[in-house]
Structures are given as C-alpha cells and as structure tokens.
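Here is a protein chain to read through step by step. Keep the sequence and the model side by side while you follow the paragraphs below.

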Amino acid sequence: MSTAKRDFLIAIEKRYQKIWEDEKIFESDATNTDSGKYFGCIPYPYMNGRLHLGHCFTITKVEYASRYQRLKGKNVLFPFAYHCTGMPIKACADKLTYEMATFGCPPNFPSEENESTIKKQETPDFEKDPTAYQKKKGKLEMKFGNTKYQWGIMEGMGIPQNEIPSFANTDHWLSYFPPHCMQDLKDMGLSADWRRGFITTDVNPYYDSFVRWHFNILKDRQKIKFGKRYSVFSPKDGQPCMDHDRKSGEGVGPQEYTGIKIKLLSPYPSALNSLGGKDVYLIAATLRPETMYGQTNCFVKDDIEYVAFEAKNNEVYITTLRAARNMAWQELTPEYGKVNIIMKLTGKDILGAAIKAPRAMFDKLYVLPMMGVKSNKGTGVVTSVPSDAPDDFATLMDLKNKPPLREKFGIKDHMVNFEPVPIIDVPGFGNLCAVTVCEELKVNSQNDKDKLLLAKEKCYRKGFDEGIMLVGNHAGKNVKVVKPIIKEEMIAAGEAFKYQEPEKEIISRSGDECVIALCDQWFLEYGEPVWKEATEKCLKDVECYFDDTRQAFERTIDWLHEHACSRSYGLGTKLPWDEQWLVESLSDSTIYMAYYTVAHLLQGDIYGSKSGTLGIKPEEMTHEVWNYIFFKDTPVPKTTINKEKLDQMRNEFQYWYPIDIRSSGKDLVQNHLTYWLYNHTAVWDKEPEKWPQSVRANGHLLMDGEKMSKSLGNIISLSEGVQLYSADGMRLALADAGDVLEDANFNTAQANAGILRLYTLIDWIRETVNDLPNLRSGPTDQFYDKVFENDINVAISQADKHYSKTMFREAMIVGFYEFLLARDRYRELSAAGKGMHKDLIRRYIKAQMILLAPVCPHATDYVWREVLKESGSVINASWPECSTPDDSLTKAASHLMECVHDFRLRLINYTNPNVKKKGKAVKPNEPPNHMTVFVAQDYPKWQEVTLNHLKANYNSSSEPPFPDNQQILQHLKVMPEVKPMLKKVMPFVAFVKSQVAEKGPSVLESHLSFNESDVFEKNKDYILRSLDLDSLEICEASTYHDQKLVADVCPGKPMCKFETRELDPVDKEHAQVTLVNIQPCTPFFKQSIKIYDTDTIEDIIARLKRTDRKLKTKQVEVYRYVDPVKGPRQLLAFDQPMMWNKRKLEKCEKLEYCPSSGLKSGKNLIGDTLCYVVS
C-alpha cells in the first residue's frame, strides 16, 4: 500500500515543528496587555513507560482548547511536566533487580512447566507485574515472550537488552522516559512551553522545595493530622497504598462492617476438639446490626477454607484467612499485623455446630450450609435473619423443605425447626418483609439469583428508610436512626467490633493484596466541615462541562473524609517535619500548576540540576520566599534574592493564576481532581480568585471499539500513532473519537481516511489558488454565492460555539466535514451558473485553515504560509469574523438539494418503473426532456389547522414530544375544517412528526421562511443539469387544472411531473443557421440548428445543447461575425479566435427573423453562421 500521502504530511510536520521551535512560538510570558490569558494543563503523566494514545486523548483536550484560545487573541500557557513520585518506578526497578538476581543477566526464565515449582518457593511476590495485563496471550506476548516478567516488559517497550539492566536503578527511569515523552509530544505538534517542564521527586531540588512549602502550609493550617486511621495498606510495602500506588483497584476504598461474635457452644464438633476449653467465636460481618434480634442460625459454605486464629483476650476467631489478615492489621489479634493460626478447617467441619448468637430470641441456634457464601467478601460467615433478608429466607426454606439437602450436609431436622421472627415493620411489606417480597416474586429457592437480587433491592432500601423497630430497647423507633446506636451498644457489650476490608480486591504495584489497616500515619482531614464547605463553594463556580462530572465531584466530596498522605517506600519528597515519611504521590500533585508559573525562572532543565534565567539557587527558595511569590499580601522576605527577581516570579504567578482548564480522565474525579480542589481552597483560603476555573473530564479511549489491552496487542504508543497516521491525521482521528464522558473510540479506518482528506484538501487548495485569477470577480449576487457566504458564516459561528465548550468532535463536524460539503455544494451549484467567485473561495480557504488549525496545525500552517502566502503563522491568526448566519438561506439551500435528490429518484422511477400490469412488466418510458414542479405557498386549511394543533401541543423536553395519536385524533376530528379529510389526517400527522424528528420544530410553521418558487427559479440551470433535462416549469399548485394530481403538495413538499415535449415552435418563421466551434483541439464541431423569430441567445444555447449532449454540463458563449458575409470565409486567428472579427452575443439578446432580410440582432445582420465557445 502506498504511503506517499502520509509521508507528504509527515514531511510537512517535521519542517513546521522545526520552524515553531526556532520561532519559540509557544513560549509565553506574563504581559501587560489586555488581550486576556488562558492557562491549561493535564495531570502530568507517570514516567514508567512511553505515552500511548489513551494519554494523548486526554492531552488533546487542552491542546485543542489552547490553540483555539490563541486564535481568539488570548495569551496562552500550556506547560507540561513528568510525574515520577510514588510506587510504580520503585516497584518495577526492584522487580527487575530480583529477576536478574534469580534468573541471571540476561535472565533465563523458566519454562511454563517449571513455573509452578518456582512459585512454591519462598520468593518475593513479584508474579503480578505492576505494568502488565494478566490476560490471555496476545500479540505483544507472542512477540516479546512472557510479559509477566519486568525484563519482558522492558523489551516490549523497545529497550535494547544491553540497556535494560540500567533500569534496576530508579534514577535511570528518570533520565530515560521524560526526554522520550517530550520528544513524542513534540512529534505530535504539542503547543507546550517546554521551558516550564520538570520532573517530580527530590531529585529536582526546586520542585522538592515547593512540595515541602506546600505541606508546611497545610500543617500550619491544621489540615494534616497524625493518628491511627483505617487505610488501604500493603503489608508487603509496610505503608498505606493510595490510588496511584495500585496495580488494580484504583478508586476502591474501605467497607465498614460490624463483626458479630457468634459463640460456639460445647461440645465442639470433632474437628475442633483441640480448641476445647477456649472461647471460640464464628465472626460474621454484617451491614445490618439492627437485625440481629431476628437471627435463626448462621451460614457457612461447606467447601470454603477457614482458619481458627488467636484473637485478643484469649479468644479464638473463625473466619477466612483473608478476613483474618485484615483483622490482624486492625489490632484485633495479640500481635499487630500477625495471624497466629491455630488450625485450618473447612465449612463442612462446623456444619451443625450449636451456637449462641448475640441479641437473638433463641438460646441455641445452629450452623447451616449456604451456597451463596463468598470467600472473597466479608468473613465467610453469614448471620441469618430470614424475616428481613431474602437470601436467608430462601436458603432456610430450602433446608426445611428438602430432606435430601439436609441429609447431604448432615443437618438434623431440629436444626432447621425455626420460623422467621418479626423484628421490623416495613410499610407495604409488613413485619416479615423478606417473606412477603419472596412470595410476591415467587422465589422458589436460593438459586433464583435474579429474583433474589430484586427482592434485596426492595427490602433493604425500604426497610432502612421507612422500617420501624418492633423489638429491643429501641422498639417504635426508625431503623435509620437506631442502626448506629445498636451497633455501638453491641460493641460496648463485647458482642461485636468494628471490622473493615477493601470493597473489592486491591493489588499494590509490588503485587501485594492490600488490606485495611489501623495504623499510625499522617493524613489529610478532608472531611473537616469548614474545609469541606469551602471546597463545595469552590465547586459551584467551577465549569465542569458535563452534569455527570459535577455530580461525581459532589458524591466524592460527600463521602471523602481522611486520606493518608505519607508512606515509607517509593520516590518522592520527605515530609518536612518528619523525614522518615515520604509525601504520598496523590498528595504532592495537587497545586503544582502554581509551580509551572515560575519553573522556567528557577531551573535550567527538567531536573533542576542547574539554575534558570534568574540564577536562583534551590537553598534560597525558603518558606518566606514561596509565600511572597504565591500570596499577594505577603511582605518582602529577608533573602539573598533581590526584589526585582522576586517580583518577576510573583508577577508571573499573579498573571497566570488561576488555572483556566484542567483536563483528565473521568476516573480521577474520585481522587486526584477532588484533592486538587481541596488543596487550592486550603492554600489560597483568603484568595478564592485563585481557585480553579474549569475541569474537563473525558472517558477512556477504545481502539476500534475494543478496550486497549496488551493481551489484545492493540495499544498504540504515541510515537507509533504519528508514524502510522501522521501527526495531523492522528490528531484529527482523536478529535473525532468523541467528546462526552462515555468511552471514546479511536477508529483506525477514520485515521487513514483523515490522511486522505487532508492531502486532498491541500491538493485542491494549491490548484485552486493557482487558478484564482481565472475565477469570477465582481458582485457576489448569485443565489449560490449567497448560500456559500452564509455557509462560511455558519461554519465560523458554530465551530466557535463548539470549540468554546470543548466539544471538539462537534467543532470538526461543522468546521471541517460539513464545511467541505458546503464547498462542494458551491462548486456544484456555481458550475451550472457563472462559476465560483474568487473572493468567496479565498475567504473559504482562509476560514477553513483557521477552523482546522487547533486540530491539524501542521497542514494548515503550511497552506497559510506557503500556498496562501499570508504573513506570520496561522497559529497566531485571528479567529475569522462573520455575519449572523441567515437561517432561511441555510434552509433554502438544504431544501433545494433535498428536492433535487428526490426529483432524481422520481426520474429513475419514471424511466424504469418497477411495476407490472396483468403480470407483465411495464415498458420503460423514454427519457423525458421537461419537468413541471408544483409548489404551494400555503397549506390547505385542514393541514393548517392540524399543524397549529401539533405546534400548540409540542413539548421538546418530553419524550415523545407530542401527545399520542389517539389524543390528537380525538381533538382534530371535531374540527369542521378537518372532518372531510379524516382519512388523510393521521398520515399527515405521521409525516409531520417524522419531519420534526429529522429537522426540528421549525417544520411546524405554516409558512416556509423562504420563497420556494424563487429558489427553484434561480437554480433552474442546476436542476436541468442535474436531471439532464431541457426545460423546467415551476407551477403554483393552486392554479393547476388537475387538483387531484397536486392534492398532496404543500409548503416544503413539492411534486414533480415528467414529460417529453416538442420544445421548438411548429409554425413559426425560422432560419437554418450553422454554429461552428472555433476552439482548436476540442471534441465540438459544426451543428446546424433552427433559429426562430424572437429567439434569445439563451434559447439558441439550449437548442444547441439538446443537439449535442456533450455540451449539457458546459458553459457556452455565442459570437457573431462583424461581417456576416466575409467573416466565415476568413482564416481563424488561433492566438485569439474569439476576439478577431467577432462580437459576443449576450444571452438576453433577442434575434429577429424576416425571410427577406434574414436574421438580425438589433440593427446588425447575423448571416447564416455563428460561432460558439465552450468553457
């Protein structure tokens, strides 16, 4: 397959990227102008690999917006940095070190058959790689081998084998990936100010100083506390595991349960004989402690593995090992973090055991089997309250009603001889809520999972919101009120305890399954009421672009309480006041946008290894200096930095802040983006004008409709995307991928089509610009001129609206795809008239380049500078001015094109009727030469009444927007105007509804916003040319003699009639004239035609075109000889065949014929020969 067009675009891109870099076109500084500023950025990407198109999709939201705002005259800043703090780099480097130590360098990994042996050895838990997908073998794995090893991952990134060992050192990651990231982004044409880039971690002393200042501010303002808190925790890493430290489970938090202590009664089952003399408890995790009064048994699953382990106070707990591990880290075992297992057992070992359940109405209950108990949720032990839990009721009924089931598990009859106990009255469901709902839904067993799911939704929500307690000390009170009270009472009585575990599985970057731990830590108190209120106030003024984004923020702020902000393992900045801890990676990345404003002044490279333009040393950046830069009312600090430099940094910050837009994947709303709002309100608590202005969230990017995955081999890196599709082709496909929060789709076929579109557009522009001198000039007064001028105004205004709302796909639809169609329509319409107008074409090309420039900057700048020869760059051009679009003109043009399309279909049906008479096919009609178009200015009265009724009852906000047909008919059938036409009313209503759905409510107007007859009249040539007809007549339907034929004609719904007519007069005086084509090297020759008295030149041209069909689509001009006798006998002057001894005849000129004197044009004799010229 040829790649010439793509290579052409790439060559342009390389050249213009160099031009932009030389011109420093994207370097922006604070100015004193009033043009306004625009500051945008994205969350800096993590530097443990190359960027892929998923990253790029988010980046382009700010990229397109920044370029658009530059065109609107703003001073734009789009900086970019590189995130290196946290766990990922350290975990990967450690894993690589382990692999080389275990398997050699280069490593000789074991075959799959031997892996099971390796796994059994006591080795670090590195099987699950923090950067590899654990799925079926795909293209990447087939190409690079088993990618669960870090060495294979590095090979998959294209890193040479001899360089891979260097990545065992974390510093090598910092020196390798950021420069590659920068180059990849430059290759896609990113409009970033690269001077302001930096890496995070304490490797960069300037940024390290900034983060230390940030956290000192938070501590001084009492936003950071220390103490024991429940946190997601990695036992292997020995520290809390925040979202960015996770391989899987991002956004997953703790789930709090009440651990119910169900005492095992003597004698214990034989499998537990060794526990005799000890207090043994089955621990059930429940979300509904208020229902414990209704317990009739507890459930376990026969094949789940359980452990009996030591708890505090010489007690023994029985749970799954997973739950025991969580409890150990919550100070529920004698030794913190350690599970001392006494014995292992299965659920089968304790089935039928006698138990004492706290708060239950019965002294002795039994352990029963349940198939739905899960080992990965809760403790593996479930309390049974069949009165209010549908699953419990269904399972108990199974055991009561199915003796073989009891026999299978060794359950005696008396063990299930319990009935549901009424404990809560639920309005509508009575005092046995679960029983009532299960009977209503006809739940037959515990296997009716779908019905049980629906039953639980009904019971639990209504029971919590409206239920009233019937038993206990809180009888008569609402469940919602007493639930936390009963929980605390049970804990105080030693019957229960608080227990937490992850809502879903969380795997750390080091491959460890995380727990919920109660540990000493530094934490940000996001739930503090005053701070929360300030953040809610901030959010109200933030432009979120989508309601779903705002609602996600509101939900997060509502549940967010405390966030561990310190850890002991990984890369980052040390806590200023407690340097045994590092600042956690989600906490040190919340206000770094402020650092962007001064980064280029402080540091000379992204590592801060040398000073920037101001020559300031890192140690000079004291707490007081940072205060002076970022707080406007702070006095000048005592420092070795002179005031001029301090003021320059302060002015940069004051000029650029607040941040105008921040783009991110929607999954970061629940953590990073909400922390971003919180930290801005904390640091700039007295300056709300510095709070963020907008946040643009987006969905994930799919590749050809599939999730990007290493196993599918469909992850395209940014550098590969540029190589495959060119930068502009890739950018166009990314813009076209989607605007909303749902997952977007990068369509590779669309990306390839984009290459062709851009190349074809450039090629057409080059050809057209060269031909501009030959295009029409003068007034732009033709219908198609006005339509095209209006189309340009529509494209400019609509693209402006969509760009401003960051709806880039919509901007491309109106500003590129539909704009191209408008150009093609102009070419088509004008070809049948006087041709294109040079001024309109040049205006279109300039507007098209500017509208396309934010998305495809390379191609547009090439056209702007090298083809149009405009001064400067299209990047700094001004957004084009436009008049208010004329909606009626838009509708008129669309109506014309739709009607011509409809006429064409009717013509096909006329010439090739697909009907039969008496079983025989109808003979095709001869091609017609004439069409009559019937139009109507007004609706018939019955249709007008119907329209007015539909208009009065239209509601765009409801679905459907109209009343149902029965209601419409009931109203209309009593109308006197409608009664005679009842059979036609509902078909007409259906037609109007379909038109409203397609074109909008303007269809309900009883008159068109344009003159339909006038539109057809002004475009006669186009209609005739499109349908290959000779004549056209526009007729008002109301005046036509056959009203039955035109009964369905109404405004906007014309009808056409085809026929073959004798177009020449039959009994009129005429002369036989020869028309000679005088152009050399053309396929047009002599034609002999009749010319009648009072013929115009236009009539002659039409007759000539009927004689020679090759002329049908051509422009023809007619000339007469100055001397009608000698002229035809003289030799042609081939250099000027149309000028020498000839005079052009205008189309409106009339010819007169007299048998005695011959043909005349005015006083000039014509003779028997004319000339014609084809263009």
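Begin with two helices that touch: L896, M897, V900, F903, R904 and L907 in α28 meet Y1022, I1023, S1026 and L1027 in α33. Sorted by class, the contact of α28 with α33 has eight nonpolar residues, one polar and one charged. This is a predicted model, and every contact described here is read from its atoms. Helix α28 covers residues 887-911 and helix α33 covers residues 1020-1027; their axes come within 10 Å and cross at roughly 35°. The crossing of α28 past α33 is right-handed.

A second pair of helices is arranged at another angle. Helix α8 (residues 205-220) packs against helix α18 (residues 623-630) at about 85°, and their axes are 10 Å apart. Angles of 65 to 115 degrees count as roughly perpendicular, and α8 and α18 are therefore roughly perpendicular to each other. On the α8 side the contact is made by Y206, S209, F210, W213, N216, I217 and D220, and on the α18 side by H623, W626, N627 and F630. Among the residues of this contact of α8 with α18, six are nonpolar, four are polar and one is charged.

The third pair consists of helix α22 (residues 727-736) and α25, which pack at an angle of about 115° with their axes 7 Å apart. Here L732, A735 and D736 of α22 meet F808, R809, M812, F816 and Y817 of α25. The contact of α22 with α25 has six nonpolar residues, no polar ones and two charged ones.

Now turn to the interior. Which residues touch the most other members of the largest nonpolar core? They are F80, L185, M730, F746, I845 and M931, in a core of 142 residues. Helix α25 (residues 808-831) supplies the largest share of this core, with eleven residues. Apart from this core lies another, of 73 residues, which includes Y207, F210, V598 and M621. F210 also appears in the contact of α8 with α18. I845 can be followed further: leaving aside neighbours within four places in sequence, I845 is in contact with W764, I765, V769, V863 and L868.

Finally, look at a lysine in helix α1 (residues 4-23), K18. Its relative accessible area is 47%, so K18 is partly exposed. From K18 to K278 the distance is 79 Å in space, C-alpha to C-alpha, and 260 residues in sequence.

Technical notes
Residues numbered from 1 in each chain as written. Predicted model: local features only at pLDDT ≥ 70, side-chain atom pairs only at ≥ 80, totals over all residues. Heavy atoms only, no water. Axes fitted to C-alpha atoms, helices over the stretch in contact; angles between N-to-C directions. Helix = DSSP H or I, 4+ residues; strand = E, 2+ residues; numbered from the N terminus. Parallel < 35°, antiparallel > 145°, perpendicular 65-115°, else oblique. Contact = heavy atoms within 4.5 Å. Nonpolar A, V, L, I, M, F, W, Y, C, P; charged D, E, K, R; others polar. Core = buried A, V, L, I, M, F, W, Y, C linked by side-chain atoms within 4.5 Å. Buried < 20%, exposed > 50% of the residue type's maximum accessible area, 1.4 Å probe, protein only. Left-handed = near helix turned anticlockwise from the far one by under 90°.
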